[in-house]
Amino acid sequence: MESLLGFISQGLIYAILAFGIYITYKILDFPDLTVDGSFPLGAAITASLLTKNIHPVVAILVSVIAGVVAGICTGIIHVKLKVRDLLSGIIMMTALYSINLWIAGKSNIPLYNGVTLLFDEPYVINPIFDQLPVAIQPFKQVIILFCITFLLKFLLDAYLQTKSGFLLRAVGDNETLVTSLAKDKGIVKIIGLAIANGLVALSGSIMAQQFGYFDISMGTGTMVIGLASVIMGINLFTGFKKVKPTTAVIVGAVLYQGAWALAIRLGLKTTYMRLVTAMLLLVFLVISMKRNRKVKRDARA
């Protein structure tokens with residue numbers, strides 16, 4: 001039961017990360033590697049503030065703002081300085097490594113004595129759970145994460161239905177259309193990158209609280225994890241028009257973490273997990289590309 005709750009919790013946290021990847025990869029068509037830096041950015045800020053007895057909600061908000069700023073910087077490098085999208089993300093990711101070390105002061109911060117949102121602290125949500133039956137207590141983390149993740153899902157869905165959200169989707173599909181509407185496509189891209197990296201930093205903030213520490217290497221491979229979650233979820237629900245992409249992303253993130261946990265339980269060494277992740281991502285990418293080509297052939301026919 002404990003391992004089941006563990007991978008569901010991590011899946012919900014990575015689903016928030018995957019929301020950000022969904023915006024950059026599926027909507028903007030922007031290969032943003034900034035996320036490998038903005039994820040530990042959120043964790044570094046949260047860990048630093050919690051060790052100073054700052055309220056965990058304040059720590060989360062500051063982390064999100066920092067992630068938004070990181071996304072804006074990537075957008076400015078790409079839009080204003082005319083640097084290619086992939087290189088813009090690499091530049092910002094590299095800069096954030098040093099920034100994260102500067103914020104944290106060291107490569108690792110334990111939170112053994114820090115007050116965190118998801119554990120035994122005396123305020124925020126925990127008093128509510130104290131009034132509930134004892135049988136529900138073990139599910140506290142999952143319930144909190146479920147509420148946070150689905151609240152963000154509904155907010156993102158609502159945003160994508162606004163004028164700004166339609167422009168965001170238009171930039172990824174047809175930049176000329178945005179220009180014809182007398183809108184600055186560069187500004188729209190910057191807004192999308194800001195939202196995406198804000199979500200990624202939020203995911204890193206919550207992950208630091210769940211794990212109980214910050215480590216400078218936390219961001220390694222987050223782009224791949226988020227991408228795998230997005231591609232897996234969307235491909236699983238291809239043909240189900242009533243299932244929103246954000247819902248598919250959540251399912252994909254949880255299933256991805258479940259596959260990871262199952263592989264470890266079956267005896268696969270953690271040394272090879274990155275290789276397995278890469279192979280899974282490759283398989284789903286190939287399937288996705290074949291489906292897209294088939295859809296285009298059917299449309300022409």
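Start your tour at Lys82: with a relative accessibility of 70%, this residue counts as exposed. Before you click around, keep in mind that you are looking at a predicted model. Select Lys82 and look along the backbone, and you'll find yourself in the loop between α3 and α4 (85-104). Now check the torsions: phi of Lys82 is positive, about 60°, although Lys82 is not a glycine. Most residues other than glycine have a negative phi.

Next stop, another loop. Select Asn53, which sits between α2 (35-50) and α3 (56-79). Here too phi is positive, about 65°, and Asn53 is not a glycine either. Is Asn53 buried or exposed? Its relative accessible area is 60%, so Asn53 is exposed, the cut-off for that label being over 50%.

Time to zoom out. Colour by secondary structure and you should see twelve helices and two strands. Walking from the N terminus, the order of elements is α-α-α-α-β-α-α-α-α-α-β-α-α-α. The chain has 301 residues, and 47% of them count as buried. If you draw a contact map, take the contacts between residues at least 6 apart in sequence: 77% of these join residues at least 24 apart. Switch on the surface and there is about 15100 Å² exposed, with carbon and sulfur atoms supplying 68% of that area.

Now go inside. Select Asn100, a residue of helix α4. Asn100 counts as buried because its relative accessibility is just 1%, where the limit is under 20%. What does Asn100 touch once neighbours within four places in sequence are left aside? Show Gly37, Pro40, Leu41, Ala44, Phe214 and Ile216, and you have its contacts.

Stay in the interior and jump to Gly204, which belongs to helix α9. Gly204 has a relative accessible area of 0%, so this glycine is buried. Again skipping neighbours within four places in sequence, light up Phe39, Gly42 and Ala43: Gly204 is in contact with these residues. While you're here, draw a distance from the C-alpha of Gly204 to the C-alpha of Thr222; it should come out at 9.8 Å, for a pair 18 residues apart in sequence.

Keep α9 on screen and add a partner. Select helix α6 (residues 140-160) together with helix α9 (residues 185-211), and you'll see them pack at an angle of about 175°, their axes 13 Å apart. That angle makes α6 roughly antiparallel to α9. Which residues meet across this pair? On the α6 side, show Gln141, Leu145, Ile148, Leu152 and Tyr159 as sticks. Facing them from α9 are Ile191, Ile195, Leu199, Leu202, Ile206 and Gln210.

For the last stop, head back to the surface. Select Leu268, Tyr272, Leu275, Met279, Leu282, Val286 and Met289, which form a nonpolar patch. Together these residues have about 630 Å² of accessible area. Pick out Val286 from the patch and trace its backbone: Val286 lies in helix α12 (residues 273-300). Is Val286 buried, partly exposed or exposed? With a relative accessible area of 32%, Val286 is partly exposed.

Notes
Residues numbered from 1 in each chain as written. Predicted model: local features only at pLDDT ≥ 70, side-chain atom pairs only at ≥ 80, totals over all residues. Heavy atoms only, no water. Patch = residues over 30% accessible without salt bridge, like charges linked within 9 Å, V, L, I, M, F, W, Y side chains within 5 Å. Areas by Shrake-Rupley, 256 points an atom, 1.4 Å probe, with all protein chains shown as cover. Salt bridge = Lys/Arg side-chain N within 4 Å of Asp/Glu carboxyl O. Helix = DSSP H or I, 4+ residues; strand = E, 2+ residues; numbered from the N terminus. Buried < 20%, exposed > 50% of the residue type's maximum accessible area, 1.4 Å probe, protein only. Axes fitted to C-alpha atoms, helices over the stretch in contact; angles between N-to-C directions. Parallel < 35°, antiparallel > 145°, perpendicular 65-115°, else oblique. Contact = heavy atoms within 4.5 Å.
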